[in-house]
Amino acid sequence: MFPDTRLRRLRMNPQIREMVRETRLSPKNFIYPMFFNENLQKEKPIASMPGVSAFPVSQAGKEAAKAYELGVPAVMIFGIPNHKDEEGSGAWIKDGVTQKAIRSVKKECDVVVVADLCLCEYTSHGHCGRVKGDEILNDATLEFYAKTAVSQAQAGADMIAPSGMMDGMVAAIRTALDDSGFRNIPIMSYSAKYASGFYGPFRDAAESAPKFGDRRSHQMDPPNAREAIREMELDLEEGADILMVKPALAYLDVIRDARLMFNVPIAAYNVSGEYSMIMGAAEKGWIDRDRIMMEVLTAIKRAGADIILTYFAKEAAKKLRE
Ligand code: PBG
């Protein structure tokens, strides 16, 4: 007790602070999400996400290599097709935008390619699955996810990340991958993905906003944390290798619960709205971008995430080199 105990003793200089630091960020924990748009001839900055652009597929390899050279081991690929239809068939065709982007990245460098798997970028209605009237069908969607996973693996994806929150999606994808000879391709499931307002800027970038209704019948209700444990338990039983919580910042408690409950790697997605809030406030001069970026990423790791998906990956990797 005071005056014998003085916690300030271990804060007196940077060397001591470094020595007793409990959480250390490394670029090796990052996955950099990237957008490739089949309609583009050149880079197009995303207005709602300063510092983030969509690129033509032809630049996929070069752009991914930039992240890799900064020490970021993995990229997550989102494709925006030039043609959408009712079923979202662009998601699984051999020459789909995502498949082309995956091939281009794999040709260029050894970065780990994680394929986001959803239909919302590919469907004319913008929903994550097949629809009937205004219902988003669960079981009928699974076969589309299964085909998409196989075509992404055939294109060279190193990991499949289903983000559609359909029940049974992990099992359907695992079976399809195994049956097609992709037993060693891991699944990182967006297990606890909440129906969040923080995805707003992403939907502009990915042109994936639903044309009617919303995603509340499949994504989780934000007030629920126990239910996230159930989602993660089920995904593990179905064969998920990595469990993801998304968004990250407003759900640090869920990340912590996941860390304490499960002995598999936990990923957290620091989503578009979380990124843009910081960039927006920094542009106005209200906050110090770099400082807050590092604080937030450290908080996500401290909460228990092993892997952080973040649009800050390249900037944070640069900062960590200093
Ligand atoms: C669905 C998907 C979304 C995000 C990642 N995958 C959007 C959604 O569910 O509407 C959000 C990512 C972000 O906001 O950064 N394909």
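1. Let's start with two helices in this predicted model. H10 and H11 pack at an angle of about 95 degrees, and their axes are 11 Å apart. Angles of 65 to 115 degrees count as roughly perpendicular, and H10 and H11 are therefore roughly perpendicular to each other. When you turn to the structure, look for Arg-289, Asp-290, Met-293, Met-294 and Leu-297 on the H10 side of the contact, and for Glu-315, Ala-316, Lys-319 and Leu-320 on the H11 side. Sorted by class, this contact has five nonpolar and four charged residues, with no polar ones.

2. Next, please find the largest pocket, which has a volume of about 740 Å³. Its lining is made of 19 residues, and those closest to the centre are Arg-21, Thr-23, Arg-24, Met-294 and Thr-298. You have already met Met-294, as a residue of H10 in the contact with H11. Helix H1 (14–19), helix H10 (289–303) and helix H11 (313–321) are the elements that give two or more residues to this lining.

3. Which helix gives the most to the lining of the largest pocket? The answer is H10, with six residues. As for the classes, 12 residues of this lining are charged, five are nonpolar and two are polar.

4. The second largest pocket has a volume of about 220 Å³. Here 17 residues form the lining, and Tyr-32, Gly-51, Val-52, Tyr-311 and Lys-314 lie nearest the centre. Two or more lining residues come from each of strand S1 (30–37), strand S3 (53–55), helix H9 (272–283) and H11. H11 is thus a good landmark for you, as it is also named among the elements of the largest pocket's lining.

5. Staying with the second largest pocket, S1 provides the largest share of the lining, with four residues. The class count for this lining is 10 nonpolar, five charged and two polar residues. It is worth setting this beside the lining of the largest pocket, with its five nonpolar, two polar and 12 charged residues.

6. Now for an enclosed space. How many cavities of 30 Å³ or more are there? The count comes to one. The largest cavity has a volume of about 170 Å³. Its lining has 20 residues, and Phe-78, Lys-193, Tyr-199, Phe-202 and Lys-246 lie nearest the centre.

7. To place this cavity in the fold, follow strand S9 (188–193) and helix H6 (200–206), as each supplies at least two residues of the lining. The lining divides into 10 nonpolar, six charged and four polar residues.

8. Finally, have a look at another helix pair. Helix H7 (residues 226–238) and helix H8 (residues 252–261) pack at an angle of about 45 degrees, with axes 10 Å apart. Are these two helices oblique or roughly perpendicular to each other? H7 and H8 are oblique, because an angle of this kind falls outside the ranges for roughly parallel (under 35 degrees), roughly perpendicular (65 to 115) and roughly antiparallel (over 145). The crossing of H7 past H8 is right-handed.

9. One last detail on that pair: Ala-228, Ile-229, Met-232 and Glu-233 of H7 meet Val-254, Asp-257, Ala-258 and Met-261 of H8. Of the residues in this contact, six are nonpolar, two are charged and none is polar. The contact of H10 with H11 also has no polar residues.

Methods. Residues are numbered from 1 along each chain as its sequence is written. This is a predicted model: local features need pLDDT of at least 70, side-chain atom pairs count only at pLDDT 80 or more; totals for chains, interfaces and linings use all residues. Side-chain values use heavy atoms; hydrogens and water are left out. On a 1 Å grid over the protein atoms alone, a cavity is a set of points where a 1.4 Å probe fits but cannot get out, and a pocket is an open set with protein on both sides within 12 Å along at least five of seven lines; lining residues have an atom within 4 Å of a point. Grid points are joined across faces, edges and corners, and a volume is the space filled by probe spheres set on the points. Ala, Val, Leu, Ile, Met, Phe, Trp, Tyr, Cys and Pro count as nonpolar, Asp, Glu, Lys and Arg as charged, and the others, Gly among them, as polar. Axes are lines fitted to C-alpha atoms, for helices over the stretch in contact, and angles run from 0 to 180 degrees between N-to-C directions. A crossing is left-handed if the near helix is turned anticlockwise from the far one by less than a right angle, and right-handed if clockwise. Contact means heavy atoms within 4.5 Å.
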